[in-house]
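Student: I have a model open and would like to talk through how its parts pack together. Can we start with a single residue and work outwards?

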Amino acid sequence: MQQHYNYAFFDEASKREIRRAIIKGVSIPGYQVPFASREMPIGRGWGTGGLQITLSLIGRSDVLKVIDQGSDDSVNAVNIKKLVADTTDVEVTEATEEATLIQSRHRIPERPLRADQILVLQVPTPEPLRSFEPREAVTRRLHAEADYTGAWLELFDQIVRHGTTTTGADHPVLVNGRYVMAPSPIPRFDNLKLHQADHLTLLGAGREKKIYAVPPHTDVAPLDFEDYPFSVERFDGKRCRLCGAEGVYLDELVDEATGETYHQCNDTAFCAARRAAREDAPSEGSWEGGRHA
Amino acid sequence: MIAGDEDLHRMQRAFRGVLDAFARPGTVHSVEPAPGNPVRPVALDASLEQVVRLFVDQAVTFFVADSEADAAASYLSSETHARRAPLRDADFVVVPARADAQTAREAVGEACRGTLVAPEKGTTVLMGCARLAEVPAGDGADEARDGSEADEARSASEADEAKEVGKAEGTGEAKGASEASGCDTSEAKEVGEPAMHVVALRGPGVERENRFAVDRVDWLHARAERGDEFPCGIEIVLVDPEGRVVAIPRSSSAALVGDPSPMFHVKQSPHCNAAEEQMFHVKHSEEPSCEESPRGGSVDGASAGEASANEAPLCEGLAGEALVDEISANGEVR
């Protein structure tokens, strides 16, 4: 632990300010609470929102896990973990079940989170209405009036053009029947994990200076139409090449030597745990397989 | 203001306790009391001060609701560097445990609700009380009698007592309770034990219903009378001298258990005066669900959420008011 910083990097006044925003976010599920996003030693847009929440929460009894698109070992995750570990004295882990605090970019772990765990999601674009309304003053008014015509029209437009909604990730959700919220760019596959979850989810957007939250046991409904119901990514008949898992979120990869495509668990910790549990771990597996962007 | 190391960690633990309390309204969590301070005024106990210090600093304003508010307020502003503000403007309202029902009702009743555009401006009321206790889940009060743990038994006896006492206002003397609540057995017999009321909460963060017991319910009546329209509203944090904490966010509906006419926190009632809000052209998109809902009265964020799982009232509201104008040919949009 580096002693020349305050514990958890921030001064206490910054923590208080972020904590106040978190409390209001939890009290108004899905509403984006403005906060004074701090300059961080990593660039805005690289997880500073999530990092600021994590630093305001973290303490001696915490165990931290940081994931970047399902992986514990990618650059973003490793560097955030390093920064937090260097300025606190917390333990870090890759095992989802051991963590008390999980900061994640673009995924919710496969293993369901418990009530005593807090999920912190990094958010690049917190405003679900931004794609059709660039003015913040206007989007705030639209949220105030619960005027989500534009959000529905956008999905409607996609259906008219493409026969289906084309939101790959960050499919808008209606939280607690009131606020339309960007769930951060998690795949549609993960959207349903927010609905009536056991855990608290906090979302932080550093560049856009917003904090919002989904409390446990809260209704989270993806926007959809009766005749075009929400659907998640499907991997029928596909399984992870390494651990054989089915019914999880898979990455599609190409073996550049043979040109053959194969699939692999996106959640590396989940996959590694499954393989460790199996005595006869496959011999082919050097576990650094390419991940797609 | 420079926080020593232990201070900082106590704050962090306290925040996690309070955050848990907000994430799971109606469950009892704990904070460690602030360290002793010879100049602390009698109105503030160490636990309430700890919760105040958690959030209040030079960036926010506060108001102390007490008959002798000046001593507490000048103490808090010298300790936290926060500015005092009138009740209606304050970001935080501090109600000491000893404040009488009238003062507490006024504080809760007149605290700022925020605006529809900036609901986060709604006040957080930090309220002392003589006693908080858990009430086990389910039908609670009665089931717990055979519970082996002293804590459960205590809650049960308190719950029963609350039913008998009925609507009696929080008569507890803070002083007596803080002496009495130190030990954990047979407290009900002790002199000065305050009458306990059981409050049930529903809404986001609550799986079915969370119950807790508290000695004062003046805040509950005042909160129900406010008639805030979600997302506007106030947060209430109850703190007892032992450091137990319960949070009641605006998204929760609260009712007194055993009260013949449950005081649900009605937020989107038809008689809610929208003209008072900053936004005049409020669309009340949840209103269809109010009017059509079989649940009738208990309308708030929570029940609107429940309804949306089945019928998506928001969408109906939109189709009825806005979408139709713009895409009138599209009958498909619900």
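Student: Is Leu202(A) buried or exposed?

Tutor: This is a predicted model, and in it Leu202(A) counts as buried, because its relative accessibility is 0%. Leu202(A) sits in strand β8 of chain A, which covers residues 200–205.

Student: Which residues is Leu202(A) in contact with, leaving aside neighbours within four places in sequence?

Tutor: From chain A, the partners of Leu202(A) are Ile22(A), Val26(A), Ile53(A), Leu57(A), Ile118(A), Leu119(A), Val120(A), Leu121(A), Tyr212(A) and Ala213(A), and from chain B there is Leu19(B). As for Ala144(A), its C-alpha lies 21 Å from that of Leu202(A), with their positions 58 residues apart in sequence.

Student: And the largest nonpolar core, which members touch the most others there?

Tutor: That core holds 82 residues, and the members touching the most others are Ile22(A), Val26(A), Leu57(A), Leu202(A) and Leu19(B). Helix α1 of chain B, residues 5–23, provides the largest share of this core, with 9 residues. Another core, of 31 residues, lies apart from it and includes Met127(B), Leu201(B), Val217(B) and Val246(B). As general background, nonpolar side chains tend to be buried together in soluble globular proteins.

Student: Switching to helices: at what angle do α1 of chain A and α2 of chain B pack?

Tutor: Helix α1(A), residues 12–27, and helix α2(B), residues 46–55, pack at about 100°, and their axes are 7 Å apart. That angle makes α1(A) roughly perpendicular to α2(B), because values from 65 to 115 degrees fall in that class.

Student: Which residues make that contact?

Tutor: On the α1(A) side they are Arg16(A), Arg19(A), Arg20(A) and Ile23(A), while α2(B) brings Arg53(B), Leu54(B) and Phe55(B). Sorted by class, this contact has 3 nonpolar and 4 charged residues, with no polar ones.

Student: What about Ser56(A), where is it found?

Tutor: Ser56(A) belongs to helix α2 of chain A, residues 48–57, and with a relative accessible area of 0% Ser56(A) is buried. Residues up to four places away in sequence aside, Ser56(A) touches Phe10(A), Lys15(A), Ile18(A) and Arg19(A), together with Phe15(B) from the other chain. Arg19(A) has also appeared above, in the contact of α1(A) with α2(B).

Student: Next, how far apart are the end C-alpha atoms of α5 in chain A?

Tutor: They are 20 Å apart, which agrees with the expected span of 20 Å for the 14 residues of α5(A), 149–162, at 1.5 Å a residue. The buried residues in α5(A) are Thr149(A), Gly150(A), Ala151(A), Trp152(A), Leu155(A), Gln158(A) and Ile159(A).

Student: What comes just after α5(A)?

Tutor: Gly163(A) follows, with a positive phi of about 80°. Further on, His171(A) is placed in the loop between α5 and β6 (173–175) of chain A, and a relative accessible area of 1% makes His171(A) buried. The contacts of His171(A), leaving aside its neighbours within four places in sequence, are Leu155(A), Thr165(A), Pro183(A), Arg188(A), Asn191(A), Pro222(A), Leu223(A) and Phe230(A). Pro185(A) is 14 residues from His171(A) in sequence, and their C-alpha atoms are 7.7 Å apart in space.

Student: Lastly, chain B as a whole: how many helices and strands are there?

Tutor: Chain B has 10 helices and 11 strands, and 60% of its 334 residues count as buried. Among contacts in chain B with a separation of 6 or more, 67% are between residues 24 or more positions apart.

Definitions and conventions. Residues are numbered from 1 along each chain as its sequence is written. Chains are lettered from A and ligands numbered from 1 in the order in which they are written. This is a predicted model: local features need pLDDT of at least 70, side-chain atom pairs count only at pLDDT 80 or more; totals for chains, interfaces and linings use all residues. Side-chain values use heavy atoms; hydrogens and water are left out. A nonpolar core is a set of buried Ala, Val, Leu, Ile, Met, Phe, Trp, Tyr and Cys residues joined through side-chain atoms within 4.5 Å. Buried means under 20% relative accessible area, exposed over 50%, partly exposed in between (1.4 Å probe, protein chains only). Helices (H or I, at least four residues) and strands (E, at least two) are DSSP runs, numbered from the N terminus. Contact means heavy atoms within 4.5 Å. Axes are lines fitted to C-alpha atoms, for helices over the stretch in contact, and angles run from 0 to 180 degrees between N-to-C directions. Angles under 35 degrees count as roughly parallel, over 145 as roughly antiparallel, 65 to 115 as roughly perpendicular and the rest as oblique. Ala, Val, Leu, Ile, Met, Phe, Trp, Tyr, Cys and Pro count as nonpolar, Asp, Glu, Lys and Arg as charged, and the others, Gly among them, as polar. The expected span of a helix is 1.5 Å times one less than its number of residues.
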